[in-house]
There are 4 protein chains.
Amino acid sequence: MIIAMTSDATEEQIEEVCESIRRYGYTPHLIRGEERVVIGAVGQGDNKDHLQNLRSVPGVADVVPILQPYKIVSRELKQQKTIVRAGDLEIGGRQFIVMAGPCSVETREQLMETADAVKAAGAHVLRGGAYKPRTSPYDFQGLEVEGLKLLAEARERTGLKVITEVVTTEDAGIVAEYSDILQVGARNMQNFALLKRLGRCNRPVLLKRGMSSTIKELLLSAEYIASHGNDQIILCERGIRTFETATRNTLDLAAVPLLNELSHLPVVVDPSHATGRRSLVRPASKAAVAIGADGLIIEVHPRPQEAWSDGPQSLTPAGFAEIMAELQKYVALESRYLN
Amino acid sequence: MIIAMTSDATEEQIEEVCESIRRYGYTPHLIRGEERVVIGAVGQGDNKDHLQNLRSVPGVADVVPILQPYKIVSRELKQQKTIVRAGDLEIGGRQFIVMAGPCSVETREQLMETADAVKAAGAHVLRGGAYKPRTSPYDFQGLEVEGLKLLAEARERTGLKVITEVVTTEDAGIVAEYSDILQVGARNMQNFALLKRLGRCNRPVLLKRGMSSTIKELLLSAEYIASHGNDQIILCERGIRTFETATRNTLDLAAVPLLNELSHLPVVVDPSHATGRRSLVRPASKAAVAIGADGLIIEVHPRPQEAWSDGPQSLTPAGFAEIMAELQKYVALESRYLN
Amino acid sequence: MIIAMTSDATEEQIEEVCESIRRYGYTPHLIRGEERVVIGAVGQGDNKDHLQNLRSVPGVADVVPILQPYKIVSRELKQQKTIVRAGDLEIGGRQFIVMAGPCSVETREQLMETADAVKAAGAHVLRGGAYKPRTSPYDFQGLEVEGLKLLAEARERTGLKVITEVVTTEDAGIVAEYSDILQVGARNMQNFALLKRLGRCNRPVLLKRGMSSTIKELLLSAEYIASHGNDQIILCERGIRTFETATRNTLDLAAVPLLNELSHLPVVVDPSHATGRRSLVRPASKAAVAIGADGLIIEVHPRPQEAWSDGPQSLTPAGFAEIMAELQKYVALESRYLN
Amino acid sequence: MIIAMTSDATEEQIEEVCESIRRYGYTPHLIRGEERVVIGAVGQGDNKDHLQNLRSVPGVADVVPILQPYKIVSRELKQQKTIVRAGDLEIGGRQFIVMAGPCSVETREQLMETADAVKAAGAHVLRGGAYKPRTSPYDFQGLEVEGLKLLAEARERTGLKVITEVVTTEDAGIVAEYSDILQVGARNMQNFALLKRLGRCNRPVLLKRGMSSTIKELLLSAEYIASHGNDQIILCERGIRTFETATRNTLDLAAVPLLNELSHLPVVVDPSHATGRRSLVRPASKAAVAIGADGLIIEVHPRPQEAWSDGPQSLTPAGFAEIMAELQKYVALESRYLN
């Protein structure tokens with residue numbers, strides 16, 4: 001932590017800050033510049049928050065943290081890329097992983113039809129929401145346990161792995177029973193009670209970046225899961241909220257290589273929620289491959305016009321198959337393979 | 001819902017959209033402009049999402065919703081301002097309500113000292129976090145039940161009402177046992193499972209606006225609570241996340257009179273989290289009164305430098321007393337009273 | 001400037017960074033923490049950009065600037081508040097200044113009617129756009145010189161000072177001939193050629209904060225004007241662009257007391273552009289007074305429904321007179337006077 | 001334009017709105033829903049702003065524009081992609097165009113060395129700033145005319161085309177004399193005086209998206225240039241300002257295919273300014289190709305550590321040559337060629 005004093009700070013104020021630093025268990029190091037004094041606080045100390053509090057002490061201009069606060073998920077700690085395993089499927093390895101399926105599980109027919117289609121097109125994981133976090137209480141809230149059972153049935157039928165969202169600690173157990181991968185939605189990225197619960201779960205977790213979460217906050221949320229015992233974490237960039245409304249969100253693709261620098265966890269991209277427009281899913285998927293993502297999670301619906309949620313961004317099975325065929329060549333350029 | 005066709009849409013495409021509108025249970029109304037056709041979809045229909053899906057149909061340029069999706073919390077439905085009652089305390093009436101206390105309950109001494117001080121200065125409610133949602137898993141996570149008990153003790157001692165945050169459905173029961181008002185934090189504003197649970201709770205709820213939530217989303221989250229049975233809701237503006245980093249968040253004060261136009265629920269302002277700087281709390285509090293807020297929630301700590309969280313934005317008891325004295329005059333100009 | 005090394009930086013890398021710092025004319029100061037080395041670069045050096053370049057050198061984790069880059073406009077340099085003078089009018093002193101008038105100068109009748117009305121209600125300055133920066137080339141672009149002449153006529157008639165926008169260096173001379181205060185619009189806040197030109201102008205400048213400009217950038221733009229010779233600068237908060245669309249912009253009122261801490265320049269608030277809604281102008285104006293602004297700039301139109309621009313946010317003369325009457329009491333609480 | 005009435009609007013209010021619509025030269029069309037009345041305003045009318053003004057009329061809930069306000073640059077008007085010509089170079093055709101060079105022209109040696117290197121690596125256009133819009137008045141402001149002459153010399157030497165920024169109307173003539181393509185920087189995207197001036201210029205214009213400009217505003221700024229006579233416009237996505245600070249800006253890559261849907265103008269991507277980090281330029285460049293960009297503009301400096309501006313994001317000539325070699329394969333997948 002670096003404490004910058006104001007240019008008119010007195011020697012007494014400087015000494016007082018040094019004294020506080022010592023009292024909090026750190027060692028102060030002074031740098032006397034021409035215009036002002038800057039103090040580094042070194043050591044483990046009691047509590048970084050105490051140093052932050054110096055921000056409001058007379059003579060202090062600013063308090064600047066130097067260290068990244070995440071550890072377990074950081075590349076500095078572990079150079080080697082993590083491979084997340086869902087049964088025999090590896091995410092983060094040489095295979096490029098595609099997860100596909102409807103926004104919501106609606107009916108048996110809808111789900112089986114989609115599962116068959118995405119399987120045939122080469123997807124590896126079936127996505128589908130059984131518990132739906134919807135902005136309005138009057139929107140469809142999901143089939144819940146019935147949806148989980150349909151997902152499990154689709155898995156039996158196709159051999160696809162299954163991913164679905166868990167929205168509250170109380171459901172974590174039942175969802176983990178049915179699903180191969182547990183998804184944390186964007187709105188729950190900082191639901192810390194849920195993250196702690198999933199840290200004690202024996203299932204890989206796909207953690208979606210919150211709509212207005214920084215990359216640092218995403219990694220700290222991953223750190224919650226990891227520090228509670230579960231290091232099988234997949235990060236997911238799904239678009240952030242900005243002033244631009246022409247797309248549903250702003251797809252922050254540069255976050256992918258940056259996350260790869262900062263962390264060893266695999267990173268997948270959700271072009272469907274990020275753009276909110278069917279026509280943009282294909283180009284965004286190709287770009288996600290080219291920028292270094294480890295996989296994609298894409299919405300597919302047999303009849304998007306009839307979808308109970310997210311119709312405008314859902315691909316038809318035929319559209320999805322076309323994208324999969326085209327992706328093959330981009331995946332190869334990255335020295336990876338699709339199937 | 002309004003469906004705008006592209007300027008080159010064919011008559012077949014227009015008819016197809018009308019047909020879909022009818023199939024979804026709505027009635028289409030055509031407006032033929034000079035450049036393009038616009039279609040209104042009228043009626044209750046099966047599902048607004050179906051209309052949204054038309055966005056991706058050939059010939060459709062845009063789908064624009066007209067109605068606000070919240071109902072119970074809307075001023076259009078209920079003109080009269082809601083008064084929320086916590087025991088004999090009324091929030092949303094002529095009395096201007098001040099909630100004050102530490103970010104976190106840390107120790108018995110810290111809490112009682114603060115409670116005595118804010119009571120003496122004229123506050124009505126004691127705030128203090130027992131369950132703390134912290135960005136990093138390595139930060140202090142709260143005293144939990146022990147903290148709740150200390151809050152209850154402070155209530156006995158001072159006669160202040162108590163407000164504290166509930167972070168997960170599983171804790172809703174125990175928090176409701178000890179606390180007069182239940183707080184939903186910004187990170188949980190769209191934790192819909194929690195909102196539904198609080199809808200079935202017999203306690204007033206203070207709902208903080210999410211860091212990147214629109215006013216419409218805030219009202220829809222309130223609608224979750226209301227539609228599940230609890231209409232005792234206080235809205236709280238606490239700053240939103242923007243590109244500006246000079247303040248912790250950007251205090252959206254104009255949201256207060258706008259919420260007063262759109263909804264009948266009382267609105268309070270949290271100048272501490274919004275600005276993140278002690279020196280800005282006083283001017284922001286005065287402005288909150290002048291712009292029409294029904295109350296304030298302010299962080300006070302006996303020794304901000306030693307605070308385990310949010311020290312830089314916490315007032316000292318003396319600083320808080322000064323603000324309370326000054327607010328008196330501003331509150332009076334609004335034809336309200338403080339004590 | 002502080003350079004933080006990565007935790008695995010080698011001694012060679014550290015030495016290389018120190019060597020670069022010396023080569024750029026600064027002196028390196030090492031702080032050896034338990035996890036990593038942090039280096040302070042002290043002195044005037046050749047160019048701060050050179051230090052920034054270290055960001056991409058092997059072994060460097062981050063480069064953190066410590067000093068604020070603005071000087072002349074900073075409170076650290078000059079404690080005493082600046083009073084800007086437009087003839088006998090003082091902005092930044094004990095008098096609270098109100099500037100009012102139409103968005104655009106449309107016709108002689110419209111301007112004179114407005115000028116008479118705002119003068120009668122107690123305004124000090126008449127605003128009105130002669131050169132209009134409009135998002136679309138098909139919108140009304142202003143009366144230009146004819147508009148300037150009408151403003152000058154209104155000044156003769158009422159005794160009000162006049163403020164109008166200058167949109168390009170080429171017009172700076174002619175606008176300065178007719179107008180008492182020159183306004184730089186939000187879209188031109190970083191039109192540095194214009195700022196330099198106004199720095200050589202003998203007229204006070206009102207500098208509007210850019211739609212997505214930080215407070216630091218606003219002060220640096222003021223520094224452009226000041227460093228080119230003109231220290232008669234009024235800062236203006238007019239709302240920033242965020243994800244929220246319920247208001248036209250997000251009024252960042254907390255920026256007012258923050259600017260008062262960081263700079264000695266007077267600060268006024270534009271509640272009309274910030275909110276974009278007539279009904280919010282009154283509460284936002286009261287809040288601006290209470291939070292410490294030195295003045296307001298408000299849009300008034302005799303018949304807002306017929307306005308050629310910004311009708312929805314324009315007050316009627318009657319509405320403006322009501323606000324002025326109410327503001328009187330809030331201004332008095334701040335130990336200031338209106339008239 | 002669609003005018004939605006409130007649910008409690010009276011018949012008188014509805015009639016009054018219809019009357020206003022007629023008075024403004026439009027024809028009202030009523031749609032009576034179960035909850036409220038919605039009115040379409042059809043025709044060319046006098047002024048769309050007048051309709052916007054209805055927003056503040058009693059009984060009106062909202063005014064929603066339906067038409068996109070840009071015309072000349074719109075795909076609806078012209079299906080065929082525009083090819084911009086700079087001499088014999090075509091931008092927007094089958095060749096993928098790469099512009100490369102230093103942020104600022106610093107010295108003769110620096111520029112010639114860079115020009116030779118980027119030419120050898122296969123670039124088509126040399127970039128380099130002679131007039132620099134810098135946030136701080138104390139930063140290097142460019143070599144101005146001397147810089148233009150060096151660029152012209154580098155063109156003679158290498159055969160590369162030259163692109164450089166014009167920052168004010170007064171310099172447009174001289175810059176057009178020396179440069180093949182005129183660049184409008186992000187901060188000047190809404191400098192409408194400059195856009196009008198470039199509309200009367202006989203040179204292609206590269207228009208950078210403003211830091212906080214929507215896609216609609218970018219297209220309206222292009223419309224300014226086009227409607228003043230110059231249709232040789234290249235759009236440039238260079239990152240937008242968001243809450244995320246880990247990258248310099250947030251690269252909005254999905255804007256590329258969206259711009260291709262909405263407009264016929266070519267689109268290039270600036271991965272250097274968008275990310276601000278050298279290590280992200282390579283992956284972002286590949287992604288830009290894959291998502292459908294027509295070209296790239298990349299910062300290259302012979303010794304980034306010594307750069308007078310933007311060193312951390314500048315590539316070395318060797319790094320640039322590597323990227324060019326790798327891009328070849330991605331460009332081929334898009335059925336385009338590089339050289």
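Which residue stands opposite Ile297(C) in S14(C)? Keep that one in mind; the answer comes at the second stop.

Before you click anything: this is a predicted model, in which local features need pLDDT of at least 70, side-chain atom pairs count only at pLDDT 80 or more, and totals for chains, interfaces and linings use all residues. Residues are numbered from 1 along each chain as its sequence is written, chains are lettered from A and ligands numbered from 1 in the order in which they are written, and side-chain values use heavy atoms, with hydrogens and water left out.

**Stop 1: the barrel in chain B**

Show chain B as a cartoon. Eight strands close into a barrel there, in the order S7-S8-S9-S10-S11-S12-S13-S14, and the pairing is parallel. On average, neighbouring strands of this sheet are turned by 25 degrees against each other, direction ignored. Strands here (E, at least two residues) and helices (H or I, at least four residues) are DSSP runs, numbered from the N terminus, and two strands pair if DSSP finds at least two bridges between them. As background, strands of a sheet pair through backbone hydrogen bonds, either parallel or antiparallel.

For one seam of the barrel, pick S8 (residues 125-127) and S9 (residues 161-165) of chain B: three bridges join them, and they run parallel. Val125(B) sits opposite Lys161(B) in S9(B).

**Stop 2: strand S14 in chain C**

Now select residues 295-299 of chain C. This is S14(C), and five of its five residues are buried, where buried means under 20% relative accessible area, exposed over 50%, and partly exposed in between (1.4 Å probe, protein chains only). Turn on side chains: Gly295(C), Ile297(C) and Glu299(C) point one way, while Leu296(C) and Ile298(C) point the other way.

Add S7 (residues 97-101) of chain C, which runs parallel to S14(C) and is joined to it by five bridges. Here is the answer to the opening question: Met99(C) stands opposite Ile297(C). Then add S13 (residues 267-269) of chain C, which pairs with S14(C) in the parallel sense over two bridges. On that side, Val269(C) faces Leu296(C).

**Stop 3: His124 in chain C**

Stay in chain C and zoom to His124(C), in the loop between helix H3 (108-121) and strand S8 (125-127). Is His124(C) buried or exposed? His124(C) counts as buried because its relative accessible area is 8%. Its side chain makes a polar contact with that of Gln95(C), at 3.3 Å. The term covers a pair of N or O atoms within 3.5 Å; within protein, one must be able to donate a hydrogen and the other to accept it, and residues adjacent in sequence count only if both atoms are side-chain atoms. Leaving aside neighbours within four places in sequence, the contacts of His124(C) include Phe96(C), Val98(C), Leu160(C) and Leu338(C); contact means heavy atoms within 4.5 Å.

**Stop 4: Thr250, where chain B comes in**

Next, Thr250(C), in the loop between strand S12 (233-237) and helix H8 (255-262) of chain C. Thr250(C) is buried, with a relative accessible area of 0%. Show chain B as well: not counting residues up to four places away in sequence, Thr250(C) touches Ile240(B), Thr250(B) and Asp252(B), and its chain C partners include Glu237(C), Thr242(C) and Ala274(C).

**Stop 5: two helices in chain D**

Select H6 (residues 192-199) and H7 (residues 215-227) of chain D. Their axes come within 6 Å and cross at roughly 45 degrees. Axes are lines fitted to C-alpha atoms, for helices over the stretch in contact, and angles run from 0 to 180 degrees between N-to-C directions. H6(D) and H7(D) are therefore oblique to each other; angles under 35 degrees count as roughly parallel, over 145 as roughly antiparallel, 65 to 115 as roughly perpendicular and the rest as oblique. Residues of H6(D) at the meeting point include Phe192(D) and Leu195(D), and those of H7(D) include Tyr224(D).

**Stop 6: chain A and its copies**

Zoom out. Chain A superposes on chain B by a rotation of 180 degrees with 0.0 Å of shift along its axis (RMSD 0.0 Å), fitted by least squares on the C-alpha atoms of residues with pLDDT of at least 70 in both. The two copies are thus related as by a two-fold rotation axis. To find that axis, click Ser212(A), whose C-alpha comes closest among the residues of chain A, at 3.0 Å.
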